[in-house]
Structure formats: structure tokens, C-alpha cells
Amino acid sequence: MKVLVAGRSGQVAQSLAARSTPERVFVALGRPDLDITNRSSIDAAIAAHQPIAVVNAAAYTAVDKAETEVDAAFAANELGARNLAAAAHAAGLPIVNISTDYVFAGTKTGPYVEGDPVDPQSVYGRSKLAGELAVAAASPAHVTLRTAWVFSPYGHNFPKTMLRLAADRDVVRVVADQYGSPTYAPDIAKAIDVVLDTILAAPDREHWRGTFHMAAEGYCSWADFAEEIFAQSAARGGPSAKVERIATAEYPTPAKRPPNSMLDTSRFRAVFGHSLPTWQEGTKACVEAVR
Ligand SMILES: NC(=O)C1=CN([C@@H]2O[C@H](COP(=O)(O)OP(=O)(O)OC[C@H]3O[C@@H](n4cnc5c(N)ncnc54)[C@H](OP(=O)(O)O)[C@@H]3O)[C@@H](O)[C@H]2O)C=CC1
Ligand SMILES: Cc1cn([C@H]2C[C@H](O)[C@@H](COP(=O)(O)OP(=O)(O)O[C@H]3O[C@@H](C)C(=O)[C@@H](O)[C@H]3O)O2)c(=O)[nH]c1=O
């Protein structure tokens, strides 16, 4: 049984591929074999691999660069998501799509639930929201999982940046007034496996369809996250630095980030009967893996 995964070299795609078993093979394809902006390339991949489901783990994720590369962000995150969902629908396959906490403005007090009003503040967030809507319009058999602050041993992410910075400086300045849930990509891959189990056990049911918040248990600021990364790294003899806790205004970036991107994951837990490990457990696993 194959599951087709778009986005071969990405953090989530690689974590899914690593979960392959003889019973469920995650076939992760990259741009040369599967370009989500090109519908015929998707149709050809589906015809070649005959999957039982499709996962969209491909995206334009360079949050700051997206502010100037608007067309590229929307091409992958809106058009690509639409193409993949339409192709899956045409082939009679369910699609699992991944979205982001950055669809919210971040001005709410307390964690966001799925029905809260969206109001993305960045091009990346707007393009991902456009993708969510496009997937929902193209395929009734869809699950969109909004997750947050993804990290892993693969690709580019915050812990890898922190460990690189700590290699040649004693102090790292990190914002302490943006809150969310750092989520370990292998834990996302496990959760997607659970989602697929649920879908494939009852493909005609309605309960698994729609949008869900799915992130690590617990919340922290980027500065808290950096401190945990350094504590875990130091405990293993790796690079470490002191964290200087700063305000967002002291770390100007082209894209605006939500001050609060905490996601309430109750709906995911209720429907899929699964919760992710804490962000501290994910951090420990990641630091151990990159050592
Ligand atoms: N990273 C994060 O912090 C978060 C991510 N998400 C979402 O989770 C999902 C997975 O993210 P993550 O694994 O971190 O992403 P990565 O940036 O690690 O990987 C994304 C992958 O998508 C590929 N891709 C981009 N455009 C296309 C295209 N047109 N056709 C095929 N592949 C393409 C990229 O390929 P190439 O290398 O060739 O460009 C890259 O391999 C995305 O939907 C993202 O929006 C949600 C919340 C947080
Ligand atoms: C590198 C660095 C970042 N920061 C701040 C900037 C920003 O507010 C925050 C995170 O920075 P980054 O640019 O690493 O992360 P960012 O690209 O904003 O991460 C986001 O990526 C997309 C794809 C998502 O979907 C989001 O969930 C989220 O994970 O930390 C510091 O304060 N100090 C630093 O040294």
C-alpha cells in the first residue's frame, strides 16, 4: 500500500519516508518527479504509483523571502495545493494537507481553535490560507492539519540555526514575546500515520474531514525554545549559548509573525484519539539525533 507524498526533501516528507513499512510505503517525490505546480506531473505520479492516499508536504516555507517572492509562494502554497487536491479527488483518493499557525493574526488571548477567524499577517500565511481554501474546494475527502514551529534533524529549522549560532558566539538574542508549540517533524509523521489509519478504516465517514490543529503538547516562546535547545545540547557536550530574551521590536524581520500562535489541539485528539509528545520531548529527540 503506497501513500504518495509531495515534497521529498522537506522535513515532514523525510520524516514520513522514514516511517515506511512493508504495509505502508511513503513514496516521497521531489520536484523532478512531482512538481505540484504542474497538474500533469501529479497525474503521472499517481498513475505510476497507484497510491491509496496523498499527503501534501510540499510548500514554499521561506517566511521572510515570501514577502518579496509573492508569486513563488502562492504558486506552491495555493496553486500547488489545489492541483494536488484536484488530482487526488479525480483519482478517488483522500488528501492530507499541512498548513500553519501563521494563518492567524496572533492577537487572541489563549490558544486558537479551528473555528477562530483567520487573519494572516504575512505573504506566507496568506498563501497557506489560500491553499487551505483551495484544497477544501477541490476535494471533500481532505484533512488539513495546521501545525506550528516545525523542527527536525532535516533541512532548515530553528534548533539547527541556534546550534550553528552557538558554535561561534556566547550570547544569542531571541524574541521572548511570540508564543507557540515547537513541533518535531517525526511526531507529525506519526500523527499523519494515525490520520491515515482513521481515514482508511472509514473512508466514507464525515468525522475525519476538515481542518484540525495538530501540534506538540505545551506552549513556549522562541526564547524558551532556544534555552531548552541549549540545555539539551549542553547536557550532551554540544554547543550552547546564553539566551538574551528580547522583544519582537528588537528583532526586525521582513515578515510579521503572530505574537500568539498557540493552537488548541482538542479536536484532533477527540477525532483521531492521538496526541503529540511535548515540545520538550521533541527537542530532546532532535538534539540527540543531530549530535
Ligand atoms: N517549517 C515549519 O516551521 C512549518 C511548516 N508547516 C507546513 O508543514 C509542511 C511541511 O513543512 P516542512 O517539511 O518544514 O517544509 P520544508 O521547507 O522542509 O520542505 C518543503 C518541501 O517542499 C518542496 N516544494 C516546494 N515547492 C514545490 C513544488 N512546486 N513541487 C514539489 N515540491 C515542492 C521543497 O522542495 P525544494 O527543496 O526543491 O524547494 C521542499 O522539499 C508545509 O506545508 C509547511 O507550510 C507548518 C507549520 C510550521
Ligand atoms: C534566528 C533567530 C530568530 N529569531 C526570531 C525571529 C522569529 O520571530 C522567530 C522564529 O524565527 P525563524 O525565522 O527561525 O522561524 P519562522 O520562519 O518564522 O518559522 C515559521 O516557519 C513557518 C514555515 C511556519 O509555518 C511557522 O509555524 C514557523 O515555524 O525567532 C530571533 O529572535 N533570534 C534569532 O537569532
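Student: Into how many nonpolar, polar and charged residues does the shell around ligand 1 divide?

Tutor: Happy to start there, and do keep in mind that this is a predicted model. Glycine is counted with the polar residues here. On that basis, the residues of the shell divide into four charged, eleven polar and 13 nonpolar.

Student: Which residues are closest to ligand 1?

Tutor: A residue belongs to the surroundings if its C-beta atom, placed from the backbone, lies within 6 Å. Ligand 1 is surrounded by 28 residues. Two or more residues of the shell come from each of α1 (11-17), α3 (70-90) and β4. The closest residues are Gly10, Gln11, Ala58, Ala59 and Val150.

Student: Now the sheet. Which strands are at its edges?

Tutor: Let's walk across it. The sheet is open, with six strands paired in parallel in the order β2-β1-β3-β4-β5-β10. An edge strand here pairs on one side only. That gives β2 (25-29) and β10 (210-213).

Student: Which residue in β2 is the bridge partner of alanine 6?

Tutor: Strand β1 (residues 2-6) runs parallel to β2, and five bridges join the two. For alanine 6, the partner in β2 is leucine 29.

Student: What angle does helix α2 make with β1?

Tutor: Helix α2 (residues 39-49) packs on the sheet, where it touches β1 and β2. Comparing directions, the angle between α2 and β1 is about 160°.

Student: And which strands does helix α4 lie across?

Tutor: Helix α4 covers residues 123-138 and runs at about 155° to β4. The strands it lies across are β4 (95-100), β5 (142-147) and β10.

Methods:
Residues numbered from 1 in each chain as written. Chains lettered and ligands numbered in written order. Predicted model: local features only at pLDDT ≥ 70, side-chain atom pairs only at ≥ 80, totals over all residues. Pairing = 2+ DSSP bridges. Helix = DSSP H or I, 4+ residues; strand = E, 2+ residues; numbered from the N terminus. Contact = placed C-beta atoms within 7 Å. Axes fitted to C-alpha atoms, helices over the stretch in contact; angles between N-to-C directions.
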